[in-house]
Amino acid sequence: MQVIFKTLILNNFKSHRDITVNFGERTDITGDNAEGKSTICEAPTYVLYGTDALGSKLDPTPITYEAEEIKVSLLLEVDGKELMLGRSLKKNKTIYYVNEVPSKAGEFNEVVEKLFDKDLFLSLFNPSYFPSMHWEKQRSMLLQYVTSPINKDVIKHMPDEQNKCLAALFKKHNLEDIKKIHAENKNTLEKKYIAAQSRTKTLQERLEQINISNVPLESLKAELAQIDKQVREKESLLDKAWEKNQAYNSLQAKIRNIQDQVEMSKEHWPLLKNEEIEDSCRTCKRPLDEESVTTVKKDKEIRIENYKANHEKLLKERAGLKAQLEEMEFIDVTELRNEIRELDPQGTPLREAIRIHGEFGRLQEQVKQAQTDENETLHSLNESIFILDCVKAFKAKEAELQGEKVQALFETLSVRLFEEQRNGELKNTFEIELDKKPYRKLSTAEGIRAGLELRDVLSQQSDLITPVFVDNAESITSFKQPVGQLIVSRVVAGQKLKIEGVDAE
Ligand SMILES: Nc1ncnc2c1ncn2[C@@H]1O[C@H](COP(=O)(O)OP(=O)(O)O)[C@@H](O)[C@H]1O
Ligand SMILES: [Mg+2]
């Protein structure tokens with residue numbers, strides 16, 4: 001879009017009672033001090049926004065004379081189409097004109113807003129406007145034309161390892177989220193690592209306190225097995241002896257039993273032997289006949305025979321058992337018992353040593369596990385630290401590339417977009433420098449030159465061409481022809497205000 005100033009008419013605008021400026025491609029405004037050159041610069045912005053050329057509210061009411069109405073009209077040509085805007089102040093009331101038609105403030109402002117952005121227009125029209133804005137505003141205004149480099153382009157410029165790391169992470173998260181995740185991880189892992197270290201240390205200390213025997217576990221086990229074997233052998237002997245003694249005892253009991261029977265049999269003998277043969281009935285006392293007496297005699301003889309056979313049998317049995325007992329032997333196990341009692345406790349220290357060996361082994365395992373945990377935690381921690389470094393490096397590279405992109409727009413100025421903080425992180429900033437000198441330290445001439453370069457860049461980037469007013473141009477010997485109409489004011493001693501619009505041939 002190209003905006004051209006054609007005509008500016010001032011009525012009672014500050015010191016100007018009635019003046020018409022016909023602009024050319026270049027317009028020279030000359031005259032002595034206080035001739036009203038700068039005032040002319042304020043008039044177009046007053047029409048558009050009611051401000052001076054630096055955007056401050058402006059009351060142009062004349063103070064040196066009476067005036068009923070203050071009026072400024074500006075004839076513009078916007079992309080070949082004429083537009084007449086006017087603003088007047090009458091009895092402290094503002095009246096707006098669009099193409100000479102009185103309009104409401106809202107309508108008027110809408111027309112102006114549709115033309116161009118206020119900050120952009122002021123920046124293009126007045127070379128000292130842009131540097132007067134807040135640095136954040138300057139920065140965002142300039143950067144809106146320079147797209148920030150895409151992730152892929154940034155990591156391309158990073159070392160291989162960082163490039164791979166971020167490329168993988170970008171598949172899931174954006175840079176800020178990656179940073180949040182790993183800052184949090186780092187925090188947690190740092191604590192976890194300290195805990196893991198102290199666990200390893202505690203276990204190691206416990207391990208060191210264990211008094212493990214120098215004798216290898218296998219030897220201890222072999223020695224114990226030897227003792228156990230001996231004990232078992234002796235116990236088995238003990239069992240066998242016990243069985244034998246058991247049999248011996250039971251045989252003895254049997255003999256005692258038969259002995260008792262023999263005694264009883266012996267006691268019975270005199271009774272049987274001396275038993276009388278009766279010759280009369282026991283109850284009726286009638287004499288028994290001979291046959292009966294013979295029968296009774298026979299019966300006694302049979303019983304005596306039976307008794308003798310039985311007694312004989314008992315004696316034989318007793319003799320047999322006694323002979324058996326003769327063959328047997330009662331084993332005395334006292335010695336064997338003592339041997340076992342003496343042998344068994346020899347295993348106790350060995351068992352204890354083996355138990356300690358076991359405990360030592362288990363603790364060693366725990367130490368190993370704790371060391372593994374510790375190493376894994378450290379590994380994850382280092383990974384997060386590395387990722388955070390990548391994020392930092394990414395930002396630095398992104399800033400560098402963006403800085404280069406912005407820098408490429410300028411010929412003599414350098415632009416600083418970032419500032420490194422003490423912690424190494426980048427912070428946004430905005431500084432325009434000429435030969436390493438910040439804008440605010442420049443001389444008037446340097447400032448004008450810097451301002452013109454800046455506004456030309458903005459003009460190119462925004463595709464908006466507007467007039468530019470270079471005030472106090474006497475302080476500068478020469479400057480590059482800016483893009484758009486040029487309006488220059490210069491002090492010429494002793495000269496009345498002179499305005500010359502010059503068009504190119
Ligand atoms: N509101 C006003 N009414 C009348 N005169 C003013 C007003 N404001 C400023 N002036 C005067 O107008 C004159 C022109 O000022 P200026 O445009 O800055 O001159 P120049 O830029 O040519 O040196 C000065 O003498 C200034 O004091
Ligand atoms: Mg001036």
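**Exercises on a predicted model with one ligand**

In this predicted model, a polar side-chain atom of Ser15 is placed 3.4 Å from an oxygen atom of ligand 1.

**Exercise 1. Describe the surroundings of ligand 1 and state how much of its area the protein buries.**

Solution. Begin with the polar pairs: besides the atom of Ser15, found at 3.4 Å from a ligand oxygen, Thr39 brings a polar side-chain atom to 2.5 Å from an oxygen atom of ligand 1, while Ile63 contributes a backbone N or O atom that lies 3.0 Å from a nitrogen atom of ligand 1. Turning to area, ligand 1 taken alone exposes 570 Å², of which the protein buries 69%. Next, consider the shell itself, in which 14 residues surround ligand 1, those that come nearest being Ala34, Gly36, Lys37, Ser38 and Thr39. Sorted by class, this shell holds three nonpolar, seven polar and four charged residues.

**Exercise 2. Determine which residues of helix 3 are buried, and identify the elements against which they pack.**

Solution. Helix 3 spans residues 118–125, and the cut-off to apply is that a buried residue has under 20% relative accessible area. The residues that satisfy this criterion are Asp119, Leu120, Phe121, Leu122, Ser123, Leu124 and Phe125. Because seven of the eight residues of helix 3 are thus buried, the helix is largely enclosed by the rest of the structure. The packing partners of these buried residues are strand 1 (3–13), helix 1 (37–49), helix 4 (135–143), helix 12 (444–462), strand 11 (468–470) and strand 12 (486–491). Finally, inspect the N-terminal end of helix 3, which Asp117 caps with a side-chain oxygen that lies 3.2 Å from the backbone nitrogen of Asp119.

**Exercise 3. Decide whether Glu431 is buried or exposed, and list its contacts beyond its neighbours within four places in sequence.**

Solution. First locate the residue: Glu431 belongs to strand 9, which covers residues 426–434. The relative accessible area of Glu431 is 16%, so Glu431 is buried. Then set aside the neighbours within four places in sequence, after which Ser414, Val415, Arg416, Pro438, Tyr439 and Arg440 remain in contact with Glu431. For Arg440, a polar contact of 3.2 Å joins its side chain to that of Glu431.

**Exercise 4. Give the domain bounds and the separation of the centres of domain 1 and domain 2.**

Solution. The domain assignment lists domain 1 as 3–146 + 439–502, domain 2 as 155–207 + 362–390, and domain 3 as 217–351. Taking the centres over C-alpha atoms, one finds 61 Å between domain 1 and domain 2.

Note on methods: Residues numbered from 1 in each chain as written. Chains lettered and ligands numbered in written order. Predicted model: local features only at pLDDT ≥ 70, side-chain atom pairs only at ≥ 80, totals over all residues. Heavy atoms only, no water. Near = heavy atom within 4 Å. Polar contact = N/O pair within 3.5 Å; in protein donor to acceptor, adjacent residues only side chain to side chain. Areas by Shrake-Rupley, 256 points an atom, 1.4 Å probe, with all protein chains shown as cover. Nonpolar A, V, L, I, M, F, W, Y, C, P; charged D, E, K, R; others polar. Domains from an automatic or database assignment. Buried < 20%, exposed > 50% of the residue type's maximum accessible area, 1.4 Å probe, protein only. Helix = DSSP H or I, 4+ residues; strand = E, 2+ residues; numbered from the N terminus. Contact = heavy atoms within 4.5 Å.
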